[in-house]
Amino acid sequence: MSSADPPNASPDAVKRSRYTLRQLHLLRQGSTATPLRAIAHIDLDAFYAQCEMVRLGIPRDTPLAVRQWDSLIAVNYAARPFGITRMLNAVDARKACPNIVLQHVATFREGEGGRWAYRDDSFRSIKTDKVSLDPYRAESRKILKTMKEELDRWTTEYTDDEIHSLTQGISAGLEKASIDEVFIDLSPLIYRVLLQRYPEIRPNPHDEDRDAELPQPPTTAVQWDSEDCLIGLDREEREEDDPDWDDIVMQIAADIVRSVRMAVWEKLHYTCSAGIARNKMLSKLGSACNKPDKQTVVRNRAIQIFLGGYKFTQIRMLGGKLGDQITADFGTEKVSDLLKFSLDQLRAKLDDHTATWLYGVIRGEDRSEVSPRTQMKSMLSAKSFRPSINSAGQAEKWLRIFAADIYGRLVEDGVLENRRRPRVITLHHRVVQSRSRQIPIPGSNTIDENLLFELAKTLLRQVIADGQAWPCANLSLSVGSFEDGVGKNRAIEGFLLRGDRAKSVTQSTSVREADSTANDHIPPEKKRKVDIKRFFAHPPPPGDPTSIGHDSAQHTDQEVSNAPSDEPEAPALAPADVLPQYNCDRCSKSIPEYEKEEHDDWHFAKDLETQDRQEARNAQQQNQQQTPPANTSRRSGSRGRGGRSRGKPEKGQMRLAFE
Ligand code: DCP
Ligand code: MG
């Protein structure tokens with residue numbers, strides 16, 4: 001097969017796909033512009049409950065719920081048939097299921113230092129204890145690591161040398177969305193597998209028309225695993241039709257996700273559910289459809305029927321006032337009803353941007369990116385007091401606990417490796433109304449538990465000196481305004497560079513850190529010469545202009561600053577001497593001719609992304625203008641078909657902060 005095959009040459013000619021070569025190759029960079037994208041959303045089943053089952057070795061068929069004081073915050077699947085939900089309290093849960101295990105979360109305890117522990121009497125110790133989520137965060141980290149390892153295994157196992165050179169440095173992007181859920185952009189990984197399975201689609205400099213439809217894949221049926229839950233096809237589609245490239249992509253995605261879930265089960269004994277679809281919105285709705293321990297595939301040809309069953313108010317951003325307004329304007333909450341309105345009809349009642357965005361969303365369009373670099377902006381540790389506290393001594397005991405809690409989380413965040421550190425510490429306290437005071441964290445000090453405690457005490461003294469400290473009903477400590485440290489900068493360089501060069505930067509910078517004095521004596525000219533030699537030793541990998549070519553030369557300064565100073569030097573050879581160059585009109589970069597197609601694709605994808613982002617921003621602004629802050633919570637959206645509304649926190653229960 002090649003794109004040189006004439007399209008529609010004769011009735012017997014190769015059947016054409018609905019996708020183009022360009023759309024297929026955009027998978028390589030995980031571009032949001034291709035309809036062939038594959039995104040997975042994986043959500044742990046009854047997460048905190050599973051953590052306790054694993055920790056305590058409790059069999060899966062034993063009903064268990066995790067309690068926080070009298071409330072339930074997680075209910076395992078064995079307990080759910082008894083009607084136990086997070087809405088029940090511990091006493092009612094016990095009535096409904098006398099054999100249920102009610103495990104209290106771990107707590108910090110006033111006066112017992114800064115260490116959390118599981119305690120038999122925590123449930124009646126709300127006055128002296130503070131919840132710790134550390135055990136669940138630790139499990140979450142292990143699960144994430146296992147998922148990454150399994151994805152890496154796919155990256156390394158399923159590539160021959162040619163594919164390696166075509167796809168070097170690219171891998172699946174993973175975004176941690178909360179303590180128990182991740183999004184994975186599988187597109188780059190699937191691209192590798194496709195090239196492996198179908199050598200005929202490997203990039204070819206003679207591909208003339210990249211926008212012509214591809215031939216259909218050389219297969220007549222897709223082998224789905226019997227465990228996969230497939231959403232039925234839209235009305236006009238038929239299962240017996242030959243698969244197109246999107247079906248193949250989804251099937252590979254399902255294989256990868258199944259193996260990731262299996263790895264988590266085999267290594268750590270957690271089950272999780274997944275949704276697989278062409279974007280984040282659809283995959284998230286999908287993962288909630290068949291819980292527990294199942295994966296749901298929303299094929300492109302099934303999107304309309306799938307979404308048609310939802311209320312649009314269940315879709316992200318439509319849960320608040322905007323959703324209410326649309327319901328009132330169009331007299332329905334159903335996606336299927338709204339689909340009957342043309343774009344012009346939507347525009348008649350909504351502003352242009354909202355109308356366009358809504359028109360796309362209910363048709364399953366969502367070009368939001370999976371962004372692996374999401375980071376916490378602040379960390380907070382808090383406690384409410386009933387009755388209020390009245391002395392510095394009492395407050396200080398809690399400050400010690402807050403300092404320990406926050407420090408533990410800073411360590412997880414890489415403060416010891418100097419990846420990131422907070423610059424500001426704030427004490428919040430409530431007497432009648434909430435107030436806060438903050439001070440900078442001195443940059444010269446190593447951050448540890450004691451430093452945080454001392455700074456917190458300083459803030460407390462200031463609050464007391466203000467004369468408005470008691471009776472205190474709520475006290476909390478937070479750190480924020482994070483700055484990146486040396487370690488983090490290195491990680492970003494590794495992210496921006498690709499493949500072997502990224503590896504060599506990472507390796508070399510770590511050497512430099514370990515032996516920085518040894519490198520300091522290398523004179524600048526020496527560093528530059530070695531730099532040029534290394535940089536041109538291999539042609540730069542294809543890809544986006546922000547990560548390759550000229551820009552990356554500046555990174556190579558670091559790459560070479562570790563080169564032994566007595567290393568013999570090869571003559572510098574510029575790529576322009578050996579490869580025909582192409583000058584891009586759009587970004588004025590000069591790149592090797594053979595990368596032109598991919599470079600054009602990059603611009604094409606970026607343009608679409610910019611346009612999407614603008615549309616999303618407009619829709620968000622519109623939503624914010626109409627939605628009061630209380631409704632903007634991550635948890636305000638519902639979980640989809642058969643899903644449970646998160647609603648308000650249960651009585652007596654604080655909404656817990658997620659990462
Ligand atoms: N959580 C909480 N309070 C809430 C909601 C959730 O403390 N109001 C915690 C406990 C959950 C964890 O967050 O175990 C993950 O939340 P999910 O909504 O994913 O719920 P589960 O994982 O418990 O169940 P599911 O199988 O429905 O995902
Ligand atoms: Mg969950």
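Me: What does "buried" mean here, and what makes Cys-272 buried?
Reply: A residue is called buried when its relative accessible area is under 20%. In this predicted model, Cys-272 has a relative accessible area of 1%, so Cys-272 is buried.

Me: What about Cys-229: buried or exposed?
Reply: The relative accessibility of Cys-229 is 17%. The cut-off is under 20%, so Cys-229 also counts as buried.

Me: How many disulfides does the structure hold, and why is Cys-229 not in one?
Reply: There are 0 disulfides in the structure. A disulfide is a covalent bond that joins the sulfur atoms of two cysteines. To be counted, two cysteine sulfurs must lie within 2.5 Å. The closest cysteine sulfur to that of Cys-229 belongs to Cys-289 and is 8.8 Å away, so the two are too far apart for a bond.

Me: Let's turn to the helices. Why is α4 called oblique to α7?
Reply: Helix α4 (residues 134–157) and helix α7 (residues 245–268) have axes that cross at roughly 135° and come within 9 Å. Roughly perpendicular covers 65 to 115 degrees and roughly antiparallel starts over 145, so an angle of roughly 135° makes α4 oblique to α7. Residues making the contact include Ile-143, Met-147 and Trp-154 of α4, with Ile-256, Val-260 and Leu-268 among those of α7. The crossing of these helices, α4 and α7, is right-handed.

Me: And what makes α6 roughly perpendicular to α7?
Reply: Helix α6 (residues 187–197) packs against α7 at an angle of about 115°, and their axes are 10 Å apart. The range for roughly perpendicular is 65 to 115 degrees, so α6 is described that way relative to α7. On the α6 side the contact is made by Leu-189, Ile-190, Val-193, Leu-194 and Arg-197. On the α7 side, Trp-245, Ile-248 and Ile-252 are among the residues involved. This crossing of α6 and α7 is right-handed.

Me: Now the strands. How do you know that β14 and β16 are edge strands?
Reply: The open sheet has 4 strands in the order β14-β17-β15-β16, with antiparallel pairing. Both β14 (378–389) and β16 (434–440) pair on one side only, and they are the edge strands. From one strand to the next, the twist averages 20°.

Me: How do you know that β15 and β16 pair?
Reply: Pairing needs at least two bridges, and β15 (residues 420–430) has 7 with β16, so the two strands pair, in the antiparallel sense. In one of these strands, β16, Pro-440 is the bridge partner of Val-424.

Me: Which helix lies across β14, β15 and β17?
Reply: That is α14 (residues 392–412), which runs at about 155° to β14.

Note on methods: Residues are numbered from 1 along each chain as its sequence is written. Chains are lettered from A and ligands numbered from 1 in the order in which they are written. This is a predicted model: local features need pLDDT of at least 70, side-chain atom pairs count only at pLDDT 80 or more; totals for chains, interfaces and linings use all residues. Side-chain values use heavy atoms; hydrogens and water are left out. Buried means under 20% relative accessible area, exposed over 50%, partly exposed in between (1.4 Å probe, protein chains only). Axes are lines fitted to C-alpha atoms, for helices over the stretch in contact, and angles run from 0 to 180 degrees between N-to-C directions. Contact means heavy atoms within 4.5 Å. Angles under 35 degrees count as roughly parallel, over 145 as roughly antiparallel, 65 to 115 as roughly perpendicular and the rest as oblique. A crossing is left-handed if the near helix is turned anticlockwise from the far one by less than a right angle, and right-handed if clockwise.
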